[in-house]
Amino acid sequence: MSDDLANASALLHTVFGFGGFRPGQEEIVSAVLAGENVLAVMPTGSGKSLCYQLPAIARPGLTLVVSPLIALMRDQVRALTAAGVVAGSLNSSNEWGENARVLGLLRRRELRLLYVAPERLARPDTIEMLAESDVRMMAIDEAHCVSQWGHDFRPEYLTLGNLARQIGGTLQTLALTATADAPTRGDIVDKLFAAPPRIFVRSFDRPNLRLSFKPKEHSTRQVFAYVRAHAGESGIVYCASRRKVEELATGLAAAGLRALPYHAGLDKSVRDANQDAFQQDDGVVMTATVAFGMGIDKPDVRFVCHADLPANVEAYYQEIGRAGRDGLPADTLTLYSLGDMQLRRQQIEQGEQSDERKRIERQRLGALLSLAEAPRCRRQTLLAYFGEASQPCGHCDLCQEGVELFDGTIEAQKAMSAIVRTGERFGMEHVVAILTGERTENVLKFNHDRLPTFGVGADRKAAEWRSIFRQLSATGLISQDLMEHGRWLVTDEGWRVLKGKARIELRKNLASATSKGAGRGRKAAAPPPAVAGADEALLGALKALRTRLAQAQKVPAYVVFSDRTLVELATHRPGTPGAMREIHGVGDAKLDRYGDAFLEVIRGAAG
Ligand code: ADP
Ligand code: ZN
């Protein structure tokens, strides 16, 4: 280990109170300390911030952090300040006094991290000020905002590539994002780096998230039951429409739960107040459209429920990724129906994007539908989409409850032979028309009604064949070529089944979303226990103390201590400051500030 890295590891312990690096962090920190330019692709919650915060305080000089959301900056500055690091942010919604404080620190060269919004960086006065400061590194958070492919494109990000030159120095650049797909990644490299950076891609596995999907039966009732089963926990319920957001928020509140609405149609002051309440308090349920999302930096969200099917697999992954950032178990449930699927398809077709973009969107939606109807472990299916091989997880709904399967080898062979006989040149609808024996315009145009496979699948409905397609895709027997009109190809594994060398099982309940009551009667799996081995009463007392301290300082509860820290305190019951110092999340600054108060509660509980 280099001296720099050893020094940084020590700071990990003394400043942040962490026992060690999370997977992926060490190699990134080490590359940054060695002066390299880096693009880090890591899933939400994996600890990206630390990858620039640690080098920022381990080395002299100022680190500039570009972040698109003010709420996020504010939380990070608070958390750093609580850990004893001199940090600040410059943005339009700061109080005047705060901006003056930050500028003072900057002039005296005391500031270690400066968070700035991209539009602020485009201003000449900001550039001038930075040119006079000691800025050494620029960390660009949410770097996918530079890409037009992404859902969060921000034109101001395009100017960041030139910033180093404008400030008049060499500026080491570290770009970070949780967006996994290849087109976006390419865009980031092109637009933010003069020369290709070192790229690190971390596993997208989030083992603490439990994945589950259910066909809609009575979605409001299903959501109510789900939220009630998680009463007292912080969670998000995503809905496809503002109207549904309002309805659910009102209904949940009437049922005695602390639920608040969030969507773009609400007054900004209401939105901000609701977001603050969610962020600061324990146990608030946010019912929201996807307008609520980026910039939510709350580590202890215990569940995410999709009351409607998300837009696509990327969106799904981002949205469920807001749960369980602290690494403790968190639960997710996605409800879907055939109507949802059709709506999402329409939204893509009626959108104003380019054809290429639509093709990518169709494929992303297809991947989500495959996940909804996966015949095997959901986590395995999701990770396969991100290009990762894995074993069944053992705790998703499919692993736990199983799913009724039948030997679908013949169906798979019919579908794949139709793909092969048409030269692997067509999309799903065309191949399905061939299977069901439908004489569409295209079928006639290509004389595909004369193929031996024409009509071999007439015993099944088109919807069933679409489901079979998604399942074959989910299990990797066929794959879609993104760059060429979304045509379907048979993979090597698919050929093994086609040649009769391997078999494949499919879900008995094809297109289950169409049939009412598909999931009825199945036992709902119990959510994973939030705490094991901790003294519940002591934990309650520690939470109460945390709430009092947080309210007194007007900061969110987790800025004082994370849930994990409280759970460890309640489990290990440290008796001395030295012992408490060994607990996750307890650094020097926090030990000084809160140690006595927490130790007293622990001692009280023991006696
Ligand atoms: P991301 O930006 O990747 O979504 P964050 O940087 O917000 O994730 O980190 C998520 C959570 O993980 C935070 O609560 C953070 O304090 C915690 N964390 C980060 N690194 C570590 C570590 N090495 N050990 C323990 N907790 C960590
Ligand atoms: Zn599983």
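The shell around ligand 1 is made up of four nonpolar, eight polar and four charged residues. The model examined here is predicted, and its two ligand sites are taken in turn below.

In total, 16 residues surround ligand 1, and the closest of them are Gly20, Gln25, Gly45, Lys48 and Ser49. Two parts of the protein contribute to this shell: domain 1 (3-201) and domain 2 (209-341 + 367-401) each supply at least three residues. Polar contacts to oxygen atoms of the ligand involve both backbone and side-chain atoms. On the backbone side, a polar atom of Gly47 lies 3.1 Å from an oxygen atom of ligand 1, and a polar backbone atom of Ser46 is found 3.4 Å from an oxygen atom of the ligand. From a side chain, an N or O atom of Arg325 is 3.3 Å from an oxygen atom of ligand 1. Taken on its own, ligand 1 has 570 Å² of accessible area, and the protein covers 83% of this.

Attention now turns to the metal. The zinc ion (ligand 2) has four cysteine sulfur atoms as its protein donors, namely the SG atoms of Cys377, Cys393, Cys396 and Cys399, at distances of 2.3 to 2.4 Å. Along the chain, these donors follow the spacing C-x15-C-x2-C-x2-C. How are the four donor atoms arranged around the zinc ion (ligand 2)? The site is tetrahedral, with angles of 103 to 119° among the donor atoms. For comparison, the ideal angle for four tetrahedral donors at a metal is 109.5 degrees. Among the cysteines of this site, Cys393 and Cys396 are both buried.

Terms used:
Residues are numbered from 1 along each chain as its sequence is written. Chains are lettered from A and ligands numbered from 1 in the order in which they are written. This is a predicted model: local features need pLDDT of at least 70, side-chain atom pairs count only at pLDDT 80 or more; totals for chains, interfaces and linings use all residues. Side-chain values use heavy atoms; hydrogens and water are left out. A residue is near a molecule or strand if one of its heavy atoms lies within 4 Å of it. A polar contact is a pair of N or O atoms within 3.5 Å; within protein, one must be able to donate a hydrogen and the other to accept it, and residues adjacent in sequence count only if both atoms are side-chain atoms. Accessible areas come from the Shrake-Rupley method with a 1.4 Å probe; for residues, only the protein chains shown count as cover. Ala, Val, Leu, Ile, Met, Phe, Trp, Tyr, Cys and Pro count as nonpolar, Asp, Glu, Lys and Arg as charged, and the others, Gly among them, as polar. Domain bounds come from an automatic or database domain assignment. Donors are N, O and S atoms within 2.8 Å of the metal (3.2 Å for Na, K and Ca); water is not among the atoms, so sites may look incomplete. Four donors count as tetrahedral if all angles lie between 85 and 135 degrees; four count as square planar and six as octahedral if opposite donors are over 155 degrees apart and all others between 65 and 115; anything else is irregular. Buried means under 20% relative accessible area, exposed over 50%, partly exposed in between (1.4 Å probe, protein chains only).
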